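User: I am new to this structure and would like to understand the terms used to describe it. Please explain how each description is reached.

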Amino acid sequence: MPDTPEPTMPFEPETDLRELDWTRRVALLLTGQAFSLLGSNIVQYALWWWIVLQERSGWSMLLATLFGVMPQSLVSVFGGSMADRHRRKPLIMLPDLIIAGVTVMLSFAFAHGWANLAILFVVLFIRSAGGGVQTPAIQSFIPDITPAGGLLRVNSIYGMINSANMLVAPAIAAVLINVMPLWSILLIDVTTAVIGVGFVALIRVPERRGGTVASPTPVAGVAADNALVSGIRRAFADLKAGLVYTMRQPRLKGVVFGDALTCFVAVAPMNLTLLLMTREYDGRDLNLGFVNLTTASDKLAANELSWSAGMLLGGLIMSTIGVKVIRDNMRVSAYAIAAVGVTIVGLGLAPGLLAYLVINILCGVAWGMCAAPMRTVMQSESDPSMVGRVFGLDTTLATLGMPLGMLVFAPLADLIPIAWVFVASGLLALPVARYVLGQARVR
């Protein structure tokens with residue numbers, strides 16, 4: 001008599017624990033980041049305006065950018081590796097606490113009249129280095145607590161929070177800088193950082209198969225002889241592993257290098273909009289009816305507000321319409337980069353302040369529709385054990401692109417009309433968009 005096959009159990013797919021109560025976890029993260037970013041942006045605008053109004057020089061902006069951006073690029077080499085190898089939640093909270101402590105010391109220096117550009121550059125260096133750890137950790141942490149189907153929406157909302165903060169922060173900074181000493185404004189960042197850390201501390205990270213959602217993968221060949229040397233070797237081994245992995249994935253390669261090239265040709269010149277305001281529109285007032293832009297601080301605030309309003313609108317479009325109609329996030333990023341280039345050309349050619357502000361809003365919309373799809377591609381198409389290294393590589397290259405771009409464009413702004421700088425950088429963004437679109441077609 002032949003053996004009777006044993007009945008097979010019906011297949012039950014593994015439950016993704018990220019589906020359980022994920023909106024609460026995401027709400028805590030986004031709320032904490034909203035507070036943290038608000039204080040950081042208020043202080044950032046106040047410091048940048050202090051430099052612009054004190055120096056009015058392209059070289060001072062270049063140095064501020066180098067000290068404020070380069071450390072993040074270098075530290076991200078280690079930050080991406082740390083995000084894959086260690087608990088990501090502490091990596092989000094610890095930099096905020098360190099930056100808060102440094103900001104307290106800067107506030108003390110301003111209150112006692114000791115502050116100068118050298119001290120300011122040191123603080124910008126430390127704040128930027130903290131971002132090199134925190135940024136890859138946050139981007140890697142989002143897929144830890146969010147199911148795959150919610151990534152584009154969460155990334156879009158995160159982008160909207162950034163945009164809303166950039167919309168509100170310059171307005172608050174413009175008011176505060178006229179009624180409060182700078183040392184007291186700096187303490188706002190300390191307060192919001194502590195609040196933000198408190199919200200993130202409440203998040204319980206889901207586990208599966210006995211570990212966190214993204215468990216780290218060890219890198220072969222890393223010696224364990226000395227803790228510091230071993231850590232450095234491991235970080236560079238991880239950077240190499242992330243680079244090799246990314247280069248083998250055409251779409252990941254497209255968004256990572258597309259992001260870096262966009263930062264080089266477009267983000268760097270956008271930092272010069274502050275100089276454009278102080279040089280091209282000095283003495284040219286604009287009465288909008290509800291507000292009259294007359295002073296330098298009014299125009300600097302209007303510049304930031306218009307761009308941030310566009311960013312907010314772009315993020316709103318992506319989080320509502322975009323999640324329903326977008327089938328390929330990478331193609332959307334390519335078209336958005338092209339729109340960024342066209343609008344930057346428009347900023348240089350604007351015939352007046354009103355036209356400039358309208359084009360600046362459209363530029364913000366394009367930026368808002370570019371970032372979230374790129375992040376979603378990196379999060380959804382990377383192996384969970386490699387997502388931190390991919391974001392570390394992206395952060396390193398993107399943040400490195402900005403100061404390199406400033407090395408080219410900032411000196412030019414002191415040699416040729418600054419409007420020409422915007423036209424050139426905007427045109428250079430168009431081949432970048434073509435490159436990203438070409439990589440999107442490779443499967």
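User: What makes helix α11 roughly antiparallel to α12?

Analyst: In this predicted model, the axes of helix α11 (residues 329–349) and α12 cross at roughly 155° and come within 8 Å. Axes are lines fitted to C-alpha atoms, for helices over the stretch in contact, and angles run from 0 to 180 degrees between N-to-C directions. Angles over 145 degrees count as roughly antiparallel, and α11 is therefore roughly antiparallel to α12. Their crossing is left-handed (the near helix is turned anticlockwise from the far one by less than a right angle).

User: Why are α3 and α4 called roughly antiparallel?

Analyst: Helix α3 (residues 88–111) and helix α4 (residues 117–145) pack at about 160°, with axes 8 Å apart; α3 and α4 are therefore roughly antiparallel. The crossing of α3 and α4 is also left-handed.

User: How do you know that the largest nonpolar core lies between domain 1 and domain 2?

Analyst: A nonpolar core is a set of buried Ala, Val, Leu, Ile, Met, Phe, Trp, Tyr and Cys residues joined through side-chain atoms within 4.5 Å, where buried means under 20% relative accessible area (1.4 Å probe, protein chains only). The largest has 87 residues, and helix α12 (residues 353–380) gives the most, with 11 residues. Domain 1 (17–202) and domain 2 (249–440) both contribute residues, so this core lies between them; the domain bounds come from an automatic or database domain assignment.

User: Which residues does W367 touch?

Analyst: Leaving out residues up to four places away in sequence, W367 touches T262, A266, V267, M270, W307, M311 and V340 (heavy atoms within 4.5 Å).

Methods. Residues numbered from 1 in each chain as written. Predicted model: local features only at pLDDT ≥ 70, side-chain atom pairs only at ≥ 80, totals over all residues. Heavy atoms only, no water. Buried < 20%, exposed > 50% of the residue type's maximum accessible area, 1.4 Å probe, protein only. Helix = DSSP H or I, 4+ residues; strand = E, 2+ residues; numbered from the N terminus. Parallel < 35°, antiparallel > 145°, perpendicular 65-115°, else oblique.
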